[in-house]
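Visitor: I'm new to reading protein structures. Could you walk me through one?
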Amino acid sequence: MEREQRKLTASEQKRKLQFDKLSAQLVADGYKRYDLTVDIVKVSFIALAVMLPFVGIAVALYFAVNGAQGLNGSFKELLLFVAVTVACVFVHEGIHGLVWAICCRSFKAISFGIIVRTLTPTAPAPDL
Ligand SMILES: [Zn+2]
């Protein structure tokens, strides 16, 4: 069954073209190609399922250490928590970009973006 493809940005189209070209070259050289991509929505659900037990453990440890009084945080602390969480998303994607840059020995090819439909930040593989 053919997967529904989202509309790619110009940069993504360029990367896909380069990927398809390299892929065709490798197949022509005798390599076998396997499509191991996973739909972003499916990945989000899998990530949630994998993450939930760890969140449960963290919450249990938090209450074990702080008791119920740990919940009387102010609105300012809640905003700080949200801000730190958002900052961690950027740090996470930055680590992806850093690893890509180290692997291809260049920062020039690294780009960052957001898939708007799923609000997914990305640090895609560099242009080849
Ligand atoms: Zn990641």
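Guide: Happy to! Helices here are DSSP runs of H or I with at least four residues, strands are runs of E with at least two, and both are numbered from the N terminus. Please keep in mind that this is a predicted model.

Visitor: Which pattern does the chain follow along the sequence?
Guide: Let's start by counting the elements: the chain has three helices and two strands. Reading along the sequence then gives their order, α-α-α-β-β.

Visitor: Which residues coordinate the zinc ion?
Guide: Look in helix α3, which covers residues 75-104. Two of its residues sit four residues apart, about one turn of the helix. Each offers its NE2 atom to the zinc ion, at 1.9 to 2.0 Å, and they are H92 and H96.

Visitor: Is H92 buried, partly exposed or exposed?
Guide: Buried means under 20% relative accessible area and exposed means over 50%, with partly exposed in between. H96, the other zinc-coordinating residue, has 36% and is partly exposed. H92 has 45% relative accessibility, so H92 counts as partly exposed.

Visitor: What is the radius of gyration of the chain?
Guide: A useful yardstick is a compact globule of 128 residues, which would have a value near 14 Å. The C-alpha trace of the chain spans about 65 × 35 × 25 Å along its principal axes. Against that yardstick, the radius of gyration of the chain is 20 Å.

Visitor: What percentage of the residues in the chain is buried?
Guide: Let's begin with the surface: the chain exposes about 10900 Å², and carbon and sulfur atoms supply 71% of that area. To count as buried, a residue must have under 20% relative accessible area. Of the 128 residues in the chain, the buried ones make up 11%.

Visitor: How far apart are the C-alpha atoms of S11 and S111?
Guide: S11 belongs to helix α1, residues 10-28, and is partly exposed at 37% relative accessibility. Along the chain, S11 and S111 are 100 residues apart. In space, their C-alpha atoms are separated by 8.9 Å.

Visitor: Where is R105 found?
Guide: R105 has a phi near 55°, a positive value in a residue other than glycine. The cut-off for exposed is over 50%, so R105, at 79% relative accessibility, counts as exposed. As for its place, R105 is in the loop between α3 and β1.

Methods:
Residues numbered from 1 in each chain as written. Predicted model: local features only at pLDDT ≥ 70, side-chain atom pairs only at ≥ 80, totals over all residues. Heavy atoms only, no water. Donors = N, O, S within 2.8 Å, 3.2 Å for Na, K, Ca; no water. Buried < 20%, exposed > 50% of the residue type's maximum accessible area, 1.4 Å probe, protein only. Rg over C-alpha atoms; globule rule 2.2 N^0.38 Å. Areas by Shrake-Rupley, 256 points an atom, 1.4 Å probe, with all protein chains shown as cover.
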